Each structure stands twice: as C-alpha cells, then as structure tokens.
Amino acid sequence: MHISEGILNPEILIGGAVISISITAYALKKLKNEEIPLVAVFSALFFLGSFIHIPIGPTSIHLVLNGIIGAILGIRAFISIGIALLLQGLLFGYGGVSTLGVNTFNMAIPALLAYAIFHIHVENSLLKKIKYFSIGFLPVTLSALMLSLTLALNGEVLIPAAKVAFISNMPVMLIEGFITMFAITFLEKVYPQVLKSIK
Amino acid sequence: MRVLFLVILMLNFLYAHKLYILGDDDGKTLHIKSYFTKSSFCQDCQVEILDVDKKILFKGKTDKKGEIYFPFIAKKIYIDVVASMGHKNRVFYESENEMISEDKNESYVKILLALGIIALIFFVLRFIKK
C-alpha cells in the first residue's frame with residue numbers, strides 16, 4: 001500500500017504532506033504522557049505488520065493493521081503510522097520520504113473511521129462481531145480506495161496501476177477484518193483497559 | 001596421410017567453433033562465462049537462464065570477456081547461450097551451494113534498529129511532554 005517516490009505529482013505530494021503534518025502536529029499536542037507507551041507499541045505493530053506476508057497466488061500481500069490501531073488510538077494513529085512509515089521508507093525503501101505525507105494520509109484517515117466505528121454502541125454479540133470485523137475491513141478498503149484514487153489522480157497512465165492496487169488488496173480487507181475481530185475480542189477479554197484508555 | 005591431416009584440420013575447425021559454457025555461483029550470484037577457445041570469448045552473446053521446466057528466469061548479453069552475472073535463485077537451471085552465426089549451446093547446471101539470502105540477516109538488523117528508533121522517539125517524546 002506504499003506509494004513509491006517519483007510517481008506522484010508535486011501538488012499531490014505537497015497537499016498530502018501539509019494535511020498529514022497538520023493533523024500529526026495536532027495529535028502530538030493532544031497526546032498525553034501516559035498514552036505515549038501505547039502509541040509507541042502500535043507504531044511498532046504497524047511497522048512489523050508490513051513484514052507479515054501472506055502468499056496469494058503468485059504474489060504476496062502484507063497486513064496493514066490501521067483499523068485496530070485507529071480504533072484504539074483515534075487521531076494519535078497519525079503519530080504511530082507516520083513514524084512507522086518514515087522508518088519503513090528510510091530503512092527498507094517502502095514508500096519514501098517525499099511520499100510520506102500522502103502515504104500517512106491514506107493509511108491514517110481510514111484509521112479515524114475505525115475509531116468512529118469502535119465507538120458505536122452495540123449490545124448484541126453478533127452485531128458486536130460485525131462491528132469488530134468492520135473495524136478491520138473498512139479502513140483497509142478505504143485505504144486501498146484512497147491509494148487507487150491517488151494514483152488515478154496522477155494521470156491516465158497510472159489508472160491500470162490504480163485498479164491493480166485496489167484488486168490486489170481485496171484479500172487483505174477480509175483477512176484484516178477477521179484478524180481485527182479476533183484481536184479486539186481477545187483484548188476485550190484479557191485486557192479491556194487498553195480499549196478504554198484513549199478517549 | 002593427407003586424409004589424416006584433413007580430419008585433424010576439420011576436428012580443429014569444429015573444436016574452434018564449439019561454444020563452451022562455464023557456470024559458477026557463490027550462493028548469491030550466478031557467474032557465467034562463455035567462449036569458443038581460451039582466447040576467443042563469446043562476446044555480446046545472448047544468454048538465457050531457464051528453470052527445470054524450461055521457463056525463462058533471466059535474459060542478458062555477455063560482456064567483452066564473454067561473462068555475465070545473474071542473481072542466483074535456483075539450484076538447478078539450464079543455461080542457453082546463442083552466439084552469432086547460429087552457434088549455440090545449452091548446459092544443465094546444478095549448484096552444490098545453498099542459496100544465501102543475503103538480505104535476511106540484514107533485514108532482521110534493520111527491523112531491530114527500527115524498533116529501537118521507535119522506542120527512542122517515544123522516549124524523547126515522553127521526556128519533552130514531562
């Protein structure tokens with residue numbers, strides 16, 4: 001889901017950077033001292049998620065985990081995701097420094113959707129499961145959509161790449177839906193405080 | 001005597017135009033050298049690396065010394081070399097070396113480094129926030 005350097009038009013790069021820096025600055029201002037360890041852990045989780053590859057046919061896909069991160073961290077997900085993306089770009093060449101703003105925007109805005117879904121009050125256990133599944137499924141879907149739109153906005157040449165980017169991420173949407181559903185259910189049972197720690 | 005001379009000459013001619021292929025690897029890189037005689041290298045010759053199912057893995061052209069390098073990704077391969085004037089040869093190459101994933105260890109170090117940097121960033125952030 002990382003957009004590499006040298007692909008996007010400058011106006012998109014600048015736009016993405018300005019928005020991401022502004023929201024990250026706001027998130028940093030809002031960040032409380034006691035929340036820092038949790039944000040750090042989720043930053044590490046997001047970073048490591050990219051290394052968990054799942055083979056699909058001739059290619060492989062990797063986890064994104066922006067749903068569960070967003071559900072728990074809210075706007076602070078911008079800090080976690082931004083730092084993890086910066087290190088992925090610098091150390092592994094996934095994405096890059098110039099595309100950091102756009103990539104952060106594409107990953108972290110859907111994380112806010114996860115936060116909103118997480119705070120919908122649901123009593124029924126089946127609906128709860130669907131809600132947790134959506135926390136994983138919808139942010140990845142939105143990220144893939146935003147990634148494809150970003151590519152498509154750069155001209156007709158990138159439209160085929162935009163289609164491939166969306167289609168190849170479809171299995172991730174389902175996988176993340178199930179992983180998030182199990183992860184939140186598990187956290188709810190063993191460590192419910194973590195789900196309530198950030199408001 | 002004349003016949004024997006002609007046979008030797010013919011054999012020498014055939015020998016001189018036989019295309020030799022030498023393969024070697026260190027577990028990371030496959031090195032191929034192709035030549036007609038010790039002093040006549042197969043320059044700018046088309047080289048194809050095929051897997052055991054004869055599917056092309058890599059293609060390339062030799063340099064002035066008749067050499068070319070490819071990433072080593074399969075232990076059993078066919079090496080096809082095609083020179084000008086229709087000279088060509090195919091050899092089966094089987095390596096005894098284990099494939100070395102050079103990046104694996106490096107990646108682990110980078111991952112640990114990144115996790116350390118993440119911890120450091122947030123440690124500094126915590127310090128600033130105090």
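Chain A is built from nine helices and two strands, where helices (H or I, at least four residues) and strands (E, at least two) are DSSP runs numbered from the N terminus. Read from the N terminus on, its elements follow the order α-α-β-β-α-α-α-α-α-α-α. The model is a predicted one, in which local features need pLDDT of at least 70 and side-chain atom pairs count only at pLDDT 80 or more, while totals for chains, interfaces and linings use all residues. Residues are numbered from 1 along each chain as its sequence is written, with chains lettered from A and ligands numbered from 1 in the order in which they are written.

Of the 199 residues of chain A, 47% count as buried; a residue is buried if 20 or more other C-beta atoms lie within 10 Å of its own, exposed if 12 or fewer, and partly exposed in between, with C-beta atoms placed from the backbone. Contacts (C-beta atoms, placed from the backbone, within 7 Å) with a separation of 6 or more in chain A come to 74% from residues 24 or more positions apart.

Helix H1(A) offers a clear example of a helix with two sides. For its 21 residues, 1.5 Å a residue (the expected span being 1.5 Å times one less than the number of residues) gives 30 Å, and the end C-alpha atoms are 30 Å apart, which agrees. Its buried residues are A:Gly16, A:Ser20, A:Ile23, A:Thr24 and A:Ala27. Viewed down the axis of H1(A), they fall within an arc of 105°, so they line one face of the helix; the arc is that of the directions from the helix axis to the C-beta atoms. An α-helix has 3.6 residues a turn, so residues three or four places apart point the same way. The buried residues of H1(A) pack against H4 and H5 of chain A, whereas the face turned away from them carries exposed residues, including A:Glu11, A:Tyr26 and A:Lys29.

The largest nonpolar core has 60 residues, such a core being a set of buried Ala, Val, Leu, Ile, Met, Phe, Trp, Tyr and Cys residues joined through C-beta atoms within 7 Å. Among the members that touch the most others are A:Val39, A:Ala111 and B:Ile118. Elements giving two or more residues to this core include H1, H4 and H5 of chain A, together with helix H2 (102-129) of chain B. H5(A) supplies the largest share, twelve residues.

Technical notes: Two residues are in contact if their C-beta atoms, placed from the backbone, lie within 7 Å.
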